[in-house]
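The following exercises guide a reader through one protein model, from a single helix to its cores and pockets. Please study the sequence and the structure before turning to the worked solutions.

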Amino acid sequence: MNFEEHAAKPLLAAAGIATPSGELATSPEEAAAAARRLGLCIVKAQVPTGKRGKVGGIRPADTPEEAARAAQAILGMEIAGQRVERLLVEARAEIAREFYAAVLNDPASKGPMILFSAAGGMEIEELSEARPESLLRLPVDIRRGPERARLEDGLAALGLGERGTALADLLERLYGVYRENDAELVEINPLALTQAGDLLALDCKFTLDDSALSRRAELAARGTPEKLTDLEAEARELGLRFILLEGSVGVLANGAGLTMTTIDAVRHYGGEPANFLEIGGDAYVKATPALKLVLANPKVKSLLINFCGAVARTDVMTEGVLDAWDEIEPTLPVFFSIHGTGEEAAVAMLRERLGMEPFELMDDAVKAAVAAAR
């Protein structure tokens with residue numbers, strides 16, 4: 001779950017990381033009133049996504065009248081599919097230098113990673129390409145937390161020795177925000193060094209691990225619920241993990257890893273997947289609603305079903321899909337890849353009930369589905 005900036009910054013403040021004074025506004029009049037109290041300010045769109053400034057969602061204002069005009073321009077904008085309905089009017093800082101700081105889940109080290117750059121104000125992807133030498137990457141052993149000596153050595157290597165102590169303190173506090181709030185990501189960009197010599201978080205991106213929603217109900221109430229399509233909302237009600245994509249190859253597979261692999265293979269062979277949909281051992285009872293979800297998308301021109309059994313048996317999953325097929329009676333081309341526990345029984349059912357053979361190789365099933373969708 002992603003958080004808007006105004007909801008994320010209190011987590012920083014609670015950890016002792018300074019943030020500018022600010023007020024929420026939902027109208028030009030409220031923005032002007034906030035500007036009267038704050039003085040020189042920045043008017044910011046509140047949506048749970050980045051790159052707001054690049055599309056005009058962040059604007060400076062020197063007067064209340066300018067704040068009202070900025071609010072008028074920003075409210076109602078669409079940014080990355082999100083409609084702007086709230087603004088954060090924030091006191092403007094006198095900036096001497098900008099940094100980048102984040103703690104995130106790192107797949108490579110299978111744990112948290114601290115990222116810091118002496119060049120702030122840029123997207124991390126741009127930083128990695130344009131100035132890789134400016135990035136400190138510090139994997140963290142979650143059992144022990146950040147190692148202070150390594151932090152200070154890394155900051156010194158970036159030429160920040162004179163600010164090393166204060167920055168190391170801040171990164172330790174930022175790690176605390178990540179660790180104590182079950183975050184996937186907490187990012188400050190930019191982290192400002194003010195003319196007065198203070199460190200100030202001018203922005204904050206916070207993503208809560210969805211697996212923690214049930215035990216972080218109070219925190220989750222401050223986040224922004226994921227924007228779902230009608231089909232995705234229906235899938236959630238059914239307890240199915242379904243994400244609508246832009247392509248024409250419908251995908252039905254068991255397990256998140258196999259589903260992602262199947263989607264990657266579709267793209268590798270020149271196709272575009274129409275969805276992510278994971279089913280598993282409960283496919284016997286959920287195959288019909290799952291198949292209906294995939295086929296309700298008018299873009300779907302072919303269907304790829306990929307089962308690999310370990311704990312979940314392929315014969316059970318295949319029987320569920322075949323029962324659903326008999327009920328729905330779809331007419332689009334379908335291609336199967338079936339391997340693993342229960343494979344012989346699954347293949348026999350497929351032959352008997354659909355008169356079809358599964359592909360020996362997953363790649364061949366993918367190629368056939370991609371070709372049929374064209």
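**Exercise 1: The two sides of a helix**

Arg69 and Gln72 are exposed on the other side of helix H3 from its buried residues. The model examined here is a predicted one.

Task: Determine which residues of H3 are buried, and explain why they line one face of the helix.

Solution. Step 1: Helix H3 spans residues 64–74, and its buried residues are Pro64, Ala67, Ala68, Ala70, Ala71 and Ile74. Here, buried means under 20% relative accessible area, and exposed means over 50%.

Step 2: Viewed down the axis of H3, the buried residues fall within an arc of 165°, and therefore they line one face of the helix.

Step 3: The cover over these buried residues includes helix H2 (28–38) together with the strands E3 (41–45), E4 (58–61) and E7 (87–91).

Step 4: Just after H3, Gly76 adopts a positive phi of about 90°.

**Exercise 2: The nonpolar cores**

Task: State how many residues the largest nonpolar core has, and which of them have the most contacts inside it.

Solution. Step 1: The largest nonpolar core has 41 residues. Those with the most contacts inside this core are Leu12, Phe116, Val186, Leu191 and Phe206.

Step 2: Helix H6 (residues 164–180) supplies the largest share of this core, namely 8 residues.

Step 3: Consider Leu191, leaving aside its neighbours within four places in sequence. Its contacts then include Phe99, Phe116, Leu167 and Leu170, as well as Arg97 and Glu98.

Step 4: A second core, separate from the one above, has 30 residues, among them Leu231, Ala287, Met317 and Ala346.

**Exercise 3: The two largest pockets**

Task: Describe the volume and the lining of the largest pocket, and then do likewise for the second largest pocket.

Solution. Step 1: The volume of the largest pocket is about 880 Å³. Its lining consists of 24 residues, and Asp210, Glu226, Leu228, Arg236 and Ile243 lie nearest its centre.

Step 2: Helix H8 (230–238) and strand E14 (241–244) are the elements that give two or more residues to this lining. By class, the lining of the largest pocket comprises 11 nonpolar, 7 polar and 6 charged residues.

Step 3: The second largest pocket holds about 720 Å³ of space. It is lined by 35 residues, of which Arg52, Ile58, Asn189, Pro190 and Asp203 are the closest to its centre.

Step 4: Among the elements that give two or more residues to the lining of the second largest pocket are E3, E7, strand E8 (95–106) and strand E11 (183–194). The classes in this lining are 14 nonpolar, 7 polar and 14 charged residues.

Conventions:
Residues numbered from 1 in each chain as written. Predicted model: local features only at pLDDT ≥ 70, side-chain atom pairs only at ≥ 80, totals over all residues. Heavy atoms only, no water. Buried < 20%, exposed > 50% of the residue type's maximum accessible area, 1.4 Å probe, protein only. Helix = DSSP H or I, 4+ residues; strand = E, 2+ residues; numbered from the N terminus. Arc of directions from axis to C-beta. Contact = heavy atoms within 4.5 Å. Core = buried A, V, L, I, M, F, W, Y, C linked by side-chain atoms within 4.5 Å. 1 Å grid on protein atoms, 1.4 Å probe; cavity = no way out; pocket = protein on both sides within 12 Å on 5 of 7 lines; lining within 4 Å. Points joined across faces, edges and corners; volume = space filled by probe spheres on them. Nonpolar A, V, L, I, M, F, W, Y, C, P; charged D, E, K, R; others polar.
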